[in-house]
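Open the model in a viewer and keep the sequence panel visible. The tour goes from the ligand to a few backbone details.

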Amino acid sequence: RISSSGFGRSFEERQWRLRVVGQLFLKKVRKSYGHFEVIKGVDLEVKDGEFVVFVGPSGCGKSTLLRMIAGLDDTTDGDIVIDGERVNDKPPVERGIAMVFQSYALYPHMSVFENIAFPLRVEKLSEEQIREKVGAVAKILQLDQRLQQRPGQLSGGQRQRVAIGRAIVREPKIFLFDEPLSNLDAALRADMRIELTKLHRDLEATMIYVTHDQIEAMTMADRIVVLNAGIIAQVGAPLELYHKPENTFVAGFIGNPKMNFVPVTCVGVDAIGVTISYEGQTALIPVEARPDLVGQKLTLGIRPEHTRLSEGDINIMVTPSVVERLGINTIAYAALQNGEPYCALLPGSAPIRVEQPMVTGIMAADCHLFDANGQALERRIDWRTLDLPASVTAAE
Ligand code: ADP
Ligand code: MG
C-alpha cells in the first residue's frame, strides 16, 4: 500500500506516501496470570486512523493489554478484532501490527539502512523495493543523511526514530508504542512528542500509545483511555477528561499539578445544582443534582489553576509549607485541616510567602463535585466550547 500518488503536507520532496489502515475492537477482554486477574473486562473501539493513548499508573495493565493486541501475550477471555477479523488465535506476524518499545533493540553492528530494511529482508523483497521503501521511510523520519551510520553514532532520539522506521516499513495496520520515549531526556521527549504527532498526521495510521505520563497523553491523543487496575476508568478526548472527569481517579490523574480534594457536606439540591457547606461557608455548585445527596459527605474537586488570591464563591485558608517560583507562575503547597494536600497555582508575582497564611478563592463554576463513591456529578458545562475564543467556536 505504499503508493506514489499523494504528497504529504510537510514533506514537499517526498515521492512516496505511506497509507496504512486499521480498526480495532476489544470485546470483554480479560487476562489472568494464574488466579491473578490483570485485565478485568475491557471494551474498546479504536477507529481507523485514530491516535489512542492508554494511560495509567505503573502496574495498571497497559503493557499487558498492548501485548495482547500484538499477540505477544495470549488472551484469557474475550475477543480481539482487527479490521473485522478475530485475531485471538493468530500469531503476531499475521496480525498486521508493528510494535515500538522503550528500548530500541537495534542491531548495533548493522547500518541504519540495514536496521530499517531488516523486516523487508525477512520478507525477501527485491533489492530495488527495499531501497525504495527504506528511502521513503528515512525521508519521513529525517534519517536520510544517516543511513550509512551505525546506531552507536546516533543520539537517543535518532535511534528511537530508526526503531520507528523499522515499524513503518512493514506498513502495519496498527502501530503499537509502549512508552517509547521514557529513556529520553525531558527536552528530547518534548521534541519527539511533536515528531510523533506529525508522523501520525502524515501516515494517517492507527496508533495505540502506552504511557504513564499524562502530558504525553494530553498532547498526542485523539482519545485517551485511562486504566485503573485493569479496568477502564474513562475514555474521552483530552479536554473532555480534563473538564469532565467521571470519577476521582481520572480527576486526580489528568491535570498537573493534581486536583485538590476537599471534604464538604451537601446541604441542598435544586435545578441549578448542589449546595455544599465547607467550614461555615456555603456555595452552589452547578452540577446535575440528585435528591438523595442532601446530608451526604461529598468531595469538592478544585484544580490548582482555579485558585486565586482574591475572594471567590468559596474561600480556603491555608499556610504554604513550600513555595515554588517558576517565573511564569508560582506553586504553593499546603495542607487542609484534615491533613490532605492542597496546592495553588498562582501568577508568577503572587505576593505569598512560606509559613504565611493565605486565602485562596475559588469560583463555583470551576469546581468538580464527587459523591461518596468517588463518582462525579456531571458538571453543567460544554467542554467543547470552553476556553476557546468566540471566533474559533463560531467557525466550527
Ligand atoms: P503497566 O504496563 O501498566 O505498568 P503491566 O501490564 O506490565 O503494567 O502489568 C500489570 C500487572 O500484571 C502487574 O501487576 C504485573 O505485576 C502483572 N504481570 C505482568 N506480567 C506478568 C507475568 N508474566 N506474570 C505474572 N504477572 C504479571
Ligand atoms: Mg508497562
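**The ligand shell**

In this predicted model, the shell around ligand 1 is made up of five nonpolar residues, five polar ones and one charged. To display the shell, select Tyr33, Phe36, Val38, Pro57, Ser58, Gly59, Cys60, Gly61, Lys62, Ser63 and Thr64.

Next, colour by secondary structure. Both β4 (36-46) and α1 (62-70) contribute at least two residues to the shell around ligand 1. The largest share comes from α1, with three residues.

Now show the side chains of Tyr33, Ser63 and Thr64 and look at their N or O atoms. In Thr64, such an atom is 2.5 Å from an oxygen atom of ligand 1. In Ser63, the distance to a ligand 1 oxygen atom is 2.8 Å. For Tyr33, the partner is a nitrogen atom of ligand 1, at 3.4 Å. Taken alone, ligand 1 has 560 Å² of accessible area, and the protein covers 58% of it.

**Backbone details**

Leave the ligand and select Gln142, in the loop between α3 (127-140) and α4 (156-168). Gln142 is not a glycine, yet its phi is positive, about 55°. Gln142 has a relative accessibility of 47%, so it counts as partly exposed.

Go on to Glu204, in the loop that runs between α5 (186-203) and β10 (206-211). Glu204 is another residue other than glycine with a positive phi, near 50°. Its relative accessible area is 33%, which makes Glu204 partly exposed.

Finish at Pro257, in the loop between α8 (248-253) and β13 (260-269). The peptide bond joining Asn256 and Pro257 is cis, with omega about 0°.

Key
Residues are numbered from 1 along each chain as its sequence is written. Chains are lettered from A and ligands numbered from 1 in the order in which they are written. This is a predicted model: local features need pLDDT of at least 70, side-chain atom pairs count only at pLDDT 80 or more; totals for chains, interfaces and linings use all residues. Side-chain values use heavy atoms; hydrogens and water are left out. A residue is near a molecule or strand if one of its heavy atoms lies within 4 Å of it. A polar contact is a pair of N or O atoms within 3.5 Å; within protein, one must be able to donate a hydrogen and the other to accept it, and residues adjacent in sequence count only if both atoms are side-chain atoms. Accessible areas come from the Shrake-Rupley method with a 1.4 Å probe; for residues, only the protein chains shown count as cover. Helices (H or I, at least four residues) and strands (E, at least two) are DSSP runs, numbered from the N terminus. Ala, Val, Leu, Ile, Met, Phe, Trp, Tyr, Cys and Pro count as nonpolar, Asp, Glu, Lys and Arg as charged, and the others, Gly among them, as polar. Buried means under 20% relative accessible area, exposed over 50%, partly exposed in between (1.4 Å probe, protein chains only).
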